[in-house]
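I am opening a fresh page for a structure I have not met before. Come along and look over my shoulder.

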Amino acid sequence: MEMTESFVFWKYLHLMMFVGWVGADMGVFLSCKKACDSTLSFDARMTLLHVALRIELIPRTMWKAALPLGVMLSREMGLLDITNTELALVWAFSIVWWAISMTGAIYYDKPWGQKVAHFANWIIGAVGIGLIAIAITSAMGQGPFDVSGTWLIWKVGLYGLINLTCLGIVVAFDPMAGAFMRLAMEGSTPEIEGLVKRIFNISVYPIWSTYFLVVVVAFIATTKFI
Amino acid sequence: MNNKQRKAFFAFVFTGLLLWFGYAQALTLSIESDYVITSYEVVLVLHELLLVFWLGPDIGVFIWSNKVANAELSDEVRTTAAGMMHTIDLFPRICISLMLTVGGILTEVVGLEHAWWQWIAILPLGPVWLTLVLIAYFKEGTSVGETVAKLDKWLRWIVVISVPISVTYATSIGRMDSAPWVSAKLLIFAAIVLLGLLARRHLDAMQDDIKKLGSTGSSDALNEKLIGSVKSARPYIFAIWAGLAIASWLGIEQPGSAQSEMRSAAVTVTGDLAEGGKQSWK
């Protein structure tokens with residue numbers, strides 16, 4: 001297989017995807033953390049949460065973009081045997097997945113938006129489990145990825161796992177909307193503040209797990225040590 | 001030594017050790033090895049992470065700046081927004097402080113050897129600059145913080161002036177012939193530092209106005225000044241992002257390098273992979 005300029009192009013986009021995912025997510029994390037500050041007014045805290053969810057649209061996009069970009073790179077490297085039709089399907093699926101996820105995130109304050117978001121969660125779970133299964137079958141020599149590219153198989157499996165930790169973030173952070181609704185109606189009380197802090201503290205586990213795994217995946221991709 | 005100072009001390013030591021580890025290993029291990037971790041690769045990951053935590057959080061800073069400039073929001077929301085800008089901005093500041101040192105270590109591997117006296121400048125630069133950034137941030141509002149912030153600014157001006165001079169000299173004696181793209185990256189870095197200094201003139205004024213907003217409340221004149229500061233800083237911020245994007249491209253494409261020439265000549269990866277062979281490119 002010839003290594004062409006297109007390989008460099010996809011590699012560049014892959015790197016930029018990493019920037020927009022983990023880098024931009026720092027802004028989301030810090031804004032959410034500040035939203036738990038009980039000394040601020042409700043108005044300020046709502047704005048913090050709202051802006052966090054707006055910034056989060058960037059990492060959300062990049063996380064989905066990782067799938068087709070990774071497939072393009074894998075193909076360029078000759079480690080994934082995939083036809084043009086299959087490639088088109090991967091792109092089509094990724095775009096639809098992204099559109100559903102964005103719709104759910106943008107209209108999170110509407111009942112129908114919450115339904116879309118709920119559906120998007122199922123897709124995330126399916127993608128995560130599906131990719132882990134593909135990685136395992138590839139490692140056994142039965143999957144679409146070249147068995148000699150073990151580092152890539154690890155990447156695919158870990159990306160699947162990242163989808164599950166991202167799902168963990170969504171599930172863990174979901175009660176925050178209800179807690180803020182109570183905050184709006186009942187005002188700041190020790191009980192509600194405790195609830196807000198507890199939800200955030202629980203969310204921190206899948207959040208940091210995701211950051212850690214994304215950095216591990218980047219490390220594996222750069223070093224190719226496994 | 002209080003808890004914060006202890007943390008800062010350990011962060012400093014950790015950064016120093018990490019850079020030293022990268023330096024020592026980058027010189028002794030091969031760039032070509034696979035299925036092992038070379039220190040070149042470790043430093044490369046660090047280099048990538050510096051880009052990630054520089055450009056990525058900067059987007060958050062930008063989005064929050066829109067809230068600062070929004071006169072329809074309450075004073076408290078706007079001061080909180082300014083606080084968020086300040087908090088998130090620490091990440092890009094940390095990354096910029098370490099970039100030259102990490103980049104300097106990487107260039108050794110691509111054939112740009114440094115003399116011992118150059119290492120004396122390159123290696124401590126990152127940890128020293130990082131220390132200035134952290135002290136200026138965590139001691140803000142104190143006389144120590146103000147002094148260190150000035151030192152940080154002076155150091156940036158030194159970088160802005162010395163890097164282009166150094167690159168011009170190195171290019172004139174043919175030292176950059178094997179990696180001309182590194183020259184371009186260094187010049188872009190100096191330009192980015194300069195753009196950051198120019199943007200900061202407007203953003204510092206904005207911080208002063210935000211303090212007034214917090215103490216005296218908003219007025220039409222103050223709103224106009226705040227909006228003006230944010231608007232004036234934007235072209236510099238966009239230029240910084242463009243510079244980072246171009247520098248990243250140069251780092252991957254490496255035009256003018258042997259690797260790039262080989263790519264142009266269409267390097268072939270044959271059936272080695274299927275036979276369990278290793279890739280010779282990254």
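Below are my entries, from the overall fold down to single residues.

**Entry 1: the fold.** I began by noting that this is a predicted model. Then I looked up the secondary structure of chain A and found 8 helices and 0 strands. Reading along the sequence, I wrote the pattern down as α-α-α-α-α-α-α-α. Chain A is as compact as a globular protein of its length, because its radius of gyration of 19 Å is close to the 17 Å that the globule rule gives for 226 residues. I also noted the span of the C-alpha trace along the principal axes, about 65 × 35 × 30 Å.

**Entry 2: inside and outside.** How much of chain A is buried? I found that buried residues make up 53% of its 226 residues. For the surface, I wrote down about 10000 Å² exposed by chain A, with carbon and sulfur atoms supplying 72% of that area.

**Entry 3: contacts and charges.** I took the contacts in chain A between residues at least 6 apart in sequence, and 71% of these join residues at least 24 apart. Next I looked up the charges: chain A has 15 positive and 15 negative ones, and their mean positions are 6 Å apart.

**Entry 4: the cysteines.** How many disulfides are there over all chains? The count comes to 0. I wanted to know why C32(A) has no bond to its closest cysteine sulfur. That sulfur belongs to C36(A) and lies 7.5 Å away, which is too far for a bond, since a disulfide needs the two sulfur atoms within 2.5 Å. C32(A) is buried, with a relative accessible area of 8%. I then turned to C166(A), whose closest cysteine sulfur is the one in C32(A), 14 Å away and also too far for a bond. C166(A) counts as buried too, at 6% relative accessibility.

**Entry 5: two positive phi angles.** I looked up K224(A) and found phi near 50 degrees, a positive value in a residue other than glycine. K224(A) lies in the segment after α8 (190–223) of chain A. Is K224(A) buried or exposed? At a relative accessible area of 5%, K224(A) is buried, because the cut-off is under 20%.

In chain B, I noted Q254(B), which is not a glycine yet has a positive phi of about 50 degrees. I placed Q254(B) in the loop between α8 (220–253) and α9 (258–264) of chain B. Q254(B) is buried as well, with a relative accessible area of 9%.

How values were computed. Residues are numbered from 1 along each chain as its sequence is written. Chains are lettered from A and ligands numbered from 1 in the order in which they are written. This is a predicted model: local features need pLDDT of at least 70, side-chain atom pairs count only at pLDDT 80 or more; totals for chains, interfaces and linings use all residues. Side-chain values use heavy atoms; hydrogens and water are left out. Helices (H or I, at least four residues) and strands (E, at least two) are DSSP runs, numbered from the N terminus. The radius of gyration is taken over C-alpha atoms; the globule rule is 2.2 Å times the number of residues to the power 0.38. Buried means under 20% relative accessible area, exposed over 50%, partly exposed in between (1.4 Å probe, protein chains only). Contact means heavy atoms within 4.5 Å. Accessible areas come from the Shrake-Rupley method with a 1.4 Å probe; for residues, only the protein chains shown count as cover. Lys and Arg count as positive and Asp and Glu as negative; His and the chain ends are not counted. The place of a charge is taken as NZ of Lys, CZ of Arg, CG of Asp or CD of Glu.
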